[in-house]
Amino acid sequence: LLISRADESAPAEIESACNRILADREILATLVALEEAGATVRYHSMDVRDTKALGGLVDRLYADYDRIDGVLHGAGIIEDKLMRHKTTDSFERVFDTKVMAALTLAEKLRSDVSFVVFFSSVSGAFGNRGQVDYAAANEALDKIALSLNERVDGRVLSINWGPWAGAGMVHEELEREYARRGIGLIAPTGGVSSFVDELLIHDVNCPQVILMRAAPDSLQ
């Protein structure tokens with residue numbers, strides 16, 4: 001249906017529309033699974049770069065429940081290009097999606113929150129071809145976690161994730177580049193297990209960790 005409505009010169013737009021539909025289906029499936037497990041779910045959709053909107057949501061949650069037990073910051077987009085092909089607008093979209101949201105959370109969250117986890121990337125620690133904007137955003141995320149760790153009582157953690165298999169933001173070209181460098185993909189079940197293990201380790205001296213599948217010499 002999307003192809004029949006599209007112009008022949010718009011394959012990127014068709015792919016983008018398909019990705020949005022698939023993402024919406026995954027969100028719906030997750031919400032249903034949470035409710036079936038006995039959770040009460042409230043879903044809010046917004047641009048996390050909008051500090052007023054996101055800050056207002058945090059304020060409303062505190063007003064409604066008088067507490068926030070934990071926060072997972074997983075926002076992020078990629079628009080990979082060599083630096084000479086990047087635009088200011090594109091750089092800001094990639095950078096601000098992670099950083100503006102994290103700064104808003106760091107400002108609004110109370111010190112009694114039990115955990116705050118930022119989903120960062122190994123690109124922030126080691127860099128990656130075509131990802132200067134994404135690498136900069138993730139490095140900033142790591143530094144925000146270090147700062148927040150000084151004032152929050154609970155676990156603060158920034159995870160520099162390696163590439164995931166069948167999930168996340170690894171497109172085929174990037175997957176081939178990782179394979180060339182000897183970097184493997186994280187299986188979802190293994191990644192979730194590692195995430196829980198790290199979350200349960202309340203080490204105030206270790207707010208940043210790297211989780212990936214790779215031989216040490218592939219990181220040089």
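1. Contacts along the chain. In this predicted model, contacts between residues at least 6 apart in sequence were sorted by separation, and 72% of them join residues at least 24 apart.

2. Secondary structure. The protein chain holds eight helices and six strands. From one end of the sequence to the other, these elements follow the order α-α-α-β-α-β-α-α-β-α-β-α-β-β. The pattern thus opens with three helices in a row and closes with two strands.

3. Overall dimensions. The C-alpha trace spans about 55 × 45 × 35 Å along its principal axes. The radius of gyration of the protein chain is 18 Å, which agrees with the value near 17 Å for a compact globule of 220 residues.

4. Burial and surface. Of the 220 residues in the protein chain, 34% are buried. The accessible surface amounts to about 13300 Å², and carbon and sulfur atoms account for 54% of that surface.

5. The largest nonpolar core. In soluble globular proteins, nonpolar side chains tend to be buried together. Here the largest nonpolar core has 20 residues. The residues with the most contacts inside this core are Ile68, Val71, Leu109, Val116, Phe118, Ile144 and Leu148. At least two core residues come from each of helix 3 (51-65), helix 4 (88-108), strand 2 (115-121) and helix 6 (132-148). Helix 6 supplies six residues, the largest share of this core.

6. A second core. Apart from the largest core lies another, of 10 residues. Its members include Val117, Leu157, Ile159 and Phe195.

7. Contacts of Val71. Which residues does Val71 touch, not counting those up to four places away in sequence? They are Leu105, Leu109, Phe115, Val116 and Val117. Leu109 and Val116 are also listed, with Val71, among the residues that have the most contacts inside the largest core. Val117, by contrast, is a member of the core of 10 residues.

8. Charged side chains. The protein chain carries 23 positive and 34 negative side chains. The centres of these two sets lie 2 Å apart.

9. Val192. This residue sits in helix 8, which covers residues 188-200. Is Val192 buried, exposed or partly exposed? Val192 is partly exposed, because its relative accessible area of 48% falls between the 20% limit for buried and the 50% limit for exposed residues. Asp203 is 11 residues away from Val192 along the chain, and the C-alpha atoms of the two are separated by 19 Å.

Terms used: Residues are numbered from 1 along each chain as its sequence is written. This is a predicted model: local features need pLDDT of at least 70, side-chain atom pairs count only at pLDDT 80 or more; totals for chains, interfaces and linings use all residues. Side-chain values use heavy atoms; hydrogens and water are left out. A nonpolar core is a set of buried Ala, Val, Leu, Ile, Met, Phe, Trp, Tyr and Cys residues joined through side-chain atoms within 4.5 Å. Buried means under 20% relative accessible area, exposed over 50%, partly exposed in between (1.4 Å probe, protein chains only). Helices (H or I, at least four residues) and strands (E, at least two) are DSSP runs, numbered from the N terminus. Contact means heavy atoms within 4.5 Å. The radius of gyration is taken over C-alpha atoms; the globule rule is 2.2 Å times the number of residues to the power 0.38. Accessible areas come from the Shrake-Rupley method with a 1.4 Å probe; for residues, only the protein chains shown count as cover. Lys and Arg count as positive and Asp and Glu as negative; His and the chain ends are not counted. The place of a charge is taken as NZ of Lys, CZ of Arg, CG of Asp or CD of Glu.
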